Amino acid sequence: MPAQILDGRRIAQQMRRKLRAARDALGPRPIRLVSVEVGQNPAAAVYVRNQQRGATEVGIEMEARNLPLQSTETQLLAMIRDLNHHPEVSGVIVQRPLPPGIDPRVVQSAIDPHKDVEGMHPANMGAILYREPTMPPCTAAAAQELALATGMDLRGAETVVVGHSEIVGKPIAVLLLHRLSTVTVCHVGTRRLVDHTRRADILVVAVGKAGLVHGDMVKPGACVIDVGINQGPDGKIVGDVDFASASAVAGWITPVPGGVGPVTVAMLLRNTLRAAGAAI
Ligand code: NAD
């Protein structure tokens, strides 16, 4: 039987409805989210548009600022300091990629952790080792939400996360570990990837290589969460998982686009409302 589709657009829409109610409960004061981009990147432009659309629906005012490509790290840090002190700004996002010469870690660390709605300040990243923090990293929280949406019991499930980056793979592994999943993390040094992926009840792939995981690497009935975003030769966006072969074997699968991406944006909006004081 072909896999059930984990429809990220539908799940994100349900989340936005709940977020709207939480936002309304905060009263008429404006809730502001500021996005800062250095230079102009077509991929970032798509993210910003999606974030703005979601923000409007939920009742968050999102302002997109652009600094010229030649801007220095010092100039970007000065803008962040200003936003940190601005009483009406609840959340700050810095869009990636940043131009060479600007260190993303320095920039992320400069954002006030209470306004770090992407959940990537070291304080928020570190907090996930203890528990799920108020502002978890958005993509990791989205992957977890999609796994929960299957209704599977995560406790004791064999979970394999392919990819061990700071912003995606590692936080996903830790969040699922908190659910008492038995988590294996695979990465560029893993010897025989297939030996691990074939054991997985929950397989999360976050690498950035189109077609890395094929159906013959998937356990029948597994939940496959594809975080990857890659541009195919025809310009189309594809994930890291070969959807046609994997969906014939898996029990659940996220499409790309329309899987992890929309839920990630919903998590960003949830973090923004939490930063503004909403209990959601
Ligand atoms: P990254 O380049 O920082 O990390 C890639 C990871 O893949 C590393 O841990 C590396 O060890 C591992 N890897 C590389 N080759 C491998 C191989 N052959 N076998 C096993 N592991 C291998 O990338 P990232 O920032 O973690 O992003 C990963 C993907 O997720 C990208 O496609 C990115 O665009 C996408 N992404 C999606 C969202 C979303 O919201 N949907 C958000 C962030 C990133």
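In the predicted model, six strands form an open sheet in the order β1-β11-β8-β7-β5-β6, and their pairing is parallel. The edges of this sheet are taken by β1 (4–5) and β6 (182–186). Each of these two strands has a single partner, so one side of each is left without a neighbour in the sheet.

Strand β7, which spans residues 202–205, stands between β8 and β5 in the strand order. With β5 (residues 158–162), strand β7 runs parallel and is joined by 4 bridges. Within this pairing, I202 of β7 stands opposite T159. On the other pairing, β7 and β8 (residues 223–226) are also parallel, over 4 bridges. Here V204 has I225 in β8 as its bridge partner. Strand β5 is in turn joined to the edge strand β6 by 5 bridges, and the two run parallel. In that pair V160 stands opposite T184 of β6.

The side chains of a regular strand alternate between the two faces of the sheet. In β7, I202 and V204 lie on one side, while L203 and V205 lie on the other. These four residues are all buried, and both faces of the strand are therefore covered.

The loop that follows β8 in the chain leads to β9 (230–231), and I229 is found in this loop. I229 has a relative accessible area of 47% and is partly exposed, because this value falls between the limits of 20% and 50%. Together with Y47 and I237, I229 makes a nonpolar surface patch of about 260 Å².

I229 also belongs to the surroundings of the ligand. The ligand is surrounded by 20 residues, and the closest are H164, S165, V188, K209 and I229. Two contacts with oxygen atoms of the ligand involve the protein backbone: a backbone N or O atom of V188 lies 2.9 Å from a ligand oxygen, and a backbone N or O atom of I229 lies 3.0 Å from a ligand oxygen. A side chain takes part as well, since a polar side-chain atom of T264 is placed 3.1 Å from an oxygen atom of the ligand. On its own, the ligand has 870 Å² of accessible area, of which the protein covers 73%. Helix α10 (residues 260–275) supplies the largest share of the shell around the ligand, with 3 residues.

Side chains of opposite charge can pair when their charged atoms come close. The structure contains 11 salt bridges. One of them joins the side chains of E63 and R32, with an N to O distance of 2.8 Å. This pair links distant parts of the chain: E63 belongs to strand β3 (residues 61–67) and R32 to strand β2 (residues 32–38), and the two are 31 residues apart. E63 is partly exposed, at a relative accessible area of 28%, whereas R32 is buried, at 17%.

R32 has a further partner in E88, and the closest N and O atoms of that salt bridge are 4.0 Å apart. This pair too links distant parts of the chain, 56 residues apart, as E88 is placed in the loop between α3 (73–85) and β4 (89–94) and R32 in β2. The relative accessibility of E88 is 45%, and E88 counts as partly exposed. E63 likewise forms a salt bridge with R65, for which the closest N and O atoms are 2.8 Å apart. Through these shared partners, R32, E63, R65 and E88 are joined into one network of salt bridges.

Another loop, between α5 (122–127) and α6 (138–149), contains M135. M135 counts as buried because its relative accessibility is 5%, and the limit for a buried residue is under 20%. M135 and I31 are 104 residues apart along the chain, and their C-alpha atoms are separated by 16 Å.

Note on methods
Residues are numbered from 1 along each chain as its sequence is written. This is a predicted model: local features need pLDDT of at least 70, side-chain atom pairs count only at pLDDT 80 or more; totals for chains, interfaces and linings use all residues. Side-chain values use heavy atoms; hydrogens and water are left out. Buried means under 20% relative accessible area, exposed over 50%, partly exposed in between (1.4 Å probe, protein chains only). Two strands pair if DSSP finds at least two bridges between them. Patches are made of residues with over 30% relative accessible area and no salt bridge: like charges are joined within 9 Å, nonpolar side chains (Val, Leu, Ile, Met, Phe, Trp, Tyr) within 5 Å. Accessible areas come from the Shrake-Rupley method with a 1.4 Å probe; for residues, only the protein chains shown count as cover. A residue is near a molecule or strand if one of its heavy atoms lies within 4 Å of it. A polar contact is a pair of N or O atoms within 3.5 Å; within protein, one must be able to donate a hydrogen and the other to accept it, and residues adjacent in sequence count only if both atoms are side-chain atoms.
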